[in-house]
There are 2 protein chains.
Amino acid sequence: MSSIEVVSPTIEEYLEAIYRLEKKKGSAKTGDLAKELNVALGTITNTIESMEKQNFITHKPYKGVNLTKKGRKIALDVVRRHRLSERLLTDVLHIDWSKTHDAACKLEHAIADKDIIKPLEKVLGKPKTCPHGNPIPSESGKVIEEKSELLANLGLGKEGIIVKVTDERPDMLQYLATLGLVPGANVQIEEKAPFNGPIIVKVMGASYALGRNVASVIWVKKNE
Amino acid sequence: MSSIEVVSPTIEEYLEAIYRLEKKKGSAKTGDLAKELNVALGTITNTIESMEKQNFITHKPYKGVNLTKKGRKIALDVVRRHRLSERLLTDVLHIDWSKTHDAACKLEHAIADKDIIKPLEKVLGKPKTCPHGNPIPSESGKVIEEKSELLANLGLGKEGIIVKVTDERPDMLQYLATLGLVPGANVQIEEKAPFNGPIIVKVMGASYALGRNVASVIWVKKNE
DNA sequence: AATATATATACGATGAATCGTACTTTTATT
DNA sequence: AATAAAAGTACGATTCATCGTATATATATT
């Protein structure tokens, strides 16, 4: 059987957040978790402790939290449900990609049942990624991560296709969408100002100056 | 503004259950609630007490619980979300109507946001009823209940169109579907055995003997 | 090396939702 | 009217998730 363990929505949220932070920084610090989950630090300590007892994570004080095999399995399932929820919201309900994250955070816990998630995946056409370009883990927990590099690191004159956008803030996503900076779009570096100044990119014929912070959430696959 | 008050999923469940029982029996007894919500009797007493303090319900011991105006408003919103969820599950995800109830009980709490429920309603084509035929309350809380009578009470030889089925048990719904006893179907009473015996009905050319308990969850609109 | 900052823990407390057992009151049955 | 059955309440206890304040420890900065 090896079906996935059922845990509370809270623990699912924690596992998901740890997964994200682990991916981004290698491990999840309690402070980052507190910010991500919007709870007090002491709460993190408490919950982390109980999660370690249940063998979902390991915690080395001051070094951060990491998922165990058992924890990762659940986390991947939550991420899978989250990203399929986002696809449902954009592809079926035609909701803007800037609004999907928060809604998906609630939906993901309501579609854990196999009888729901499988038909959902099928109806959506087995999408490989969420609307922001992040891969959707398979039922068995496989993640196919497309190789890509930061737009901010792309050399002058180089061009590539946007693969994913790693920022969920609605205002940021709205901004990117108005410029056409969405997965699939072709971008070219026209200029890179020194001292970490803005980057001028060309998208669909138009040129825009992007701050480095913006260029650091966009991942592209370089055209060779 | 007059937007709908936000309460916990638990309270939403209670309000929804009270709404159903009120509709069926005029009021909700604590015992019925305990069965409906699968919790201990004492738990009902506790929660009921706090809900009465918050003015969601009134409770006359041994007489039952009833919704206040405030409570009914929330209850109708929950029912609306529940039934739209069921439509999503059947119409979009093509899930069998026998499985939608339990799944919708979870989904209903995840789609409370106006930004989600409005697009959902629109995509579904503003359906008037859930897959079982129960009316979907409007955004403002209006319920348009189609006049109907129990199949069990229909006279010999009379015929009508099934309007709704008021039973959520998966096995019952599966059984009804195999006989074609679904909303919209035309049925005719061919025979009524005495002493509350079975009723023979004709559906789509075929005849079936139904127990009274089955004929008492099917509501029809008589053809005049 | 000293100090400031970031990171983490301890501890006491709260509220929501739940349980189970014992007890009480009302309604139904004989 | 007596009694059995159904309905409801009281009460003590538990678990989960949370808070805030105070304190401790480690890492980074000067």
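Two strands count as paired here if DSSP finds at least two bridges between them. With that in hand, here are some notes on this predicted model, point by point.

1. **A strand pair in chain A.** Strand β4 (residues 159-165) and strand β5 (residues 186-192) of chain A run antiparallel to each other and are joined over three bridges. If you would like a place to start looking, E159(A) stands opposite Q188(A) in β5(A).

2. **The sheet around that pair.** In chain A an open sheet of six strands follows the order β3-β8-β4-β5-β6-β7, with antiparallel pairing. Which strands stand at the edges? They are β3 (149-150) and β7 (206-210) of chain A; each has a single partner strand, so one side of each is left without a neighbour in the sheet. Helix α7 (residues 170-179) of chain A packs on this sheet and touches β4, β6 (199-203), β7 and β8 (218-222) of chain A. The direction of α7 makes about 155° with that of β7(A).

3. **The largest nonpolar core.** This core holds 32 residues, and the members that touch the most others are L89(A), L120(A), L89(B) and L120(B). Both chains take part: α4 (69-92), α5 (100-107) and α6 (114-123) of chain A, together with α4 (69-92), α5 (100-107) and α6 (114-123) of chain B, each supply at least two residues. For a closer look, pick L120(B): leaving aside residues up to four places away in sequence, L120(B) touches L93(A), L84(B), L88(B) and I111(B).

4. **Helix α5 of chain A.** Six of the eight residues of α5(A) are buried, so this helix is largely enclosed by the rest of the structure. The buried residues are T100(A), H101(A), A103(A), A104(A), C105(A) and L107(A). What do they pack against? Their neighbours are α1 (9-25) and α4 of chain A, together with α5 and α6 of chain B.

5. **A salt bridge between distant parts of chain A.** Side chains of opposite charge can pair when their charged atoms come close. Over all chains, a search of the whole structure finds 34 salt bridges. One to inspect joins E145(A) and K164(A), whose closest N and O atoms are 2.9 Å apart. E145(A) sits in the loop between α6 and β3 of chain A and K164(A) in strand β4 of chain A, so the pair ties together parts that are 19 residues apart in sequence. As for exposure, K164(A) is buried at a relative accessible area of 11%, while E145(A) counts as partly exposed at 35%.

6. **The pair K164(B) and E145(B).** In chain B, the side chains of K164(B) and E145(B) meet in a salt bridge at 2.9 Å, N to O. This pair links distant parts of the chain, with K164(B) in strand β4 (residues 159-165) of chain B and E145(B) in the loop between α6 and β3 (149-150) of chain B, 19 residues apart. K164(B) is buried, with a relative accessible area of 11%, and E145(B) is partly exposed at 35%. Elsewhere, salt bridges that share partners join E12(A), D77(A) and R81(A) into one network.

7. **A salt bridge within a helix.** R81(B) and D77(B) form a salt bridge, with their closest N and O atoms 3.0 Å apart. Because the two are four residues apart in helix α4 of chain B, about one helical turn separates R81(B) from D77(B). Buried or exposed? Both R81(B) and D77(B) are buried.

8. **The surroundings of R87(B).** Helix α4 of chain B also contains R87(B), which is buried with a relative accessible area of 16%. A polar atom of the R87(B) side chain lies 3.3 Å from the backbone oxygen of C130(B). Not counting residues up to four places away in sequence, R87(B) touches V92(B), L124(B), P127(B), T129(B), C130(B), P131(B) and I136(B).

9. **Two positive phi values.** H94(A) is not a glycine, yet has a positive phi of about 55°. H94(A) is found in the loop between α4 and α5 of chain A and is exposed, with a relative accessible area of 62%. N196(B), also a residue other than glycine, has a positive phi near 55°. N196(B) belongs to the loop between β5 (186-192) and β6 (199-203) of chain B and is exposed at 59% relative accessible area.

Terms used:
Residues are numbered from 1 along each chain as its sequence is written. Chains are lettered from A and ligands numbered from 1 in the order in which they are written. This is a predicted model: local features need pLDDT of at least 70, side-chain atom pairs count only at pLDDT 80 or more; totals for chains, interfaces and linings use all residues. Side-chain values use heavy atoms; hydrogens and water are left out. A nonpolar core is a set of buried Ala, Val, Leu, Ile, Met, Phe, Trp, Tyr and Cys residues joined through side-chain atoms within 4.5 Å. Buried means under 20% relative accessible area, exposed over 50%, partly exposed in between (1.4 Å probe, protein chains only). Contact means heavy atoms within 4.5 Å. Axes are lines fitted to C-alpha atoms, for helices over the stretch in contact, and angles run from 0 to 180 degrees between N-to-C directions. A salt bridge is a side-chain nitrogen of Lys or Arg within 4 Å of a carboxyl oxygen of Asp or Glu. A polar contact is a pair of N or O atoms within 3.5 Å; within protein, one must be able to donate a hydrogen and the other to accept it, and residues adjacent in sequence count only if both atoms are side-chain atoms.
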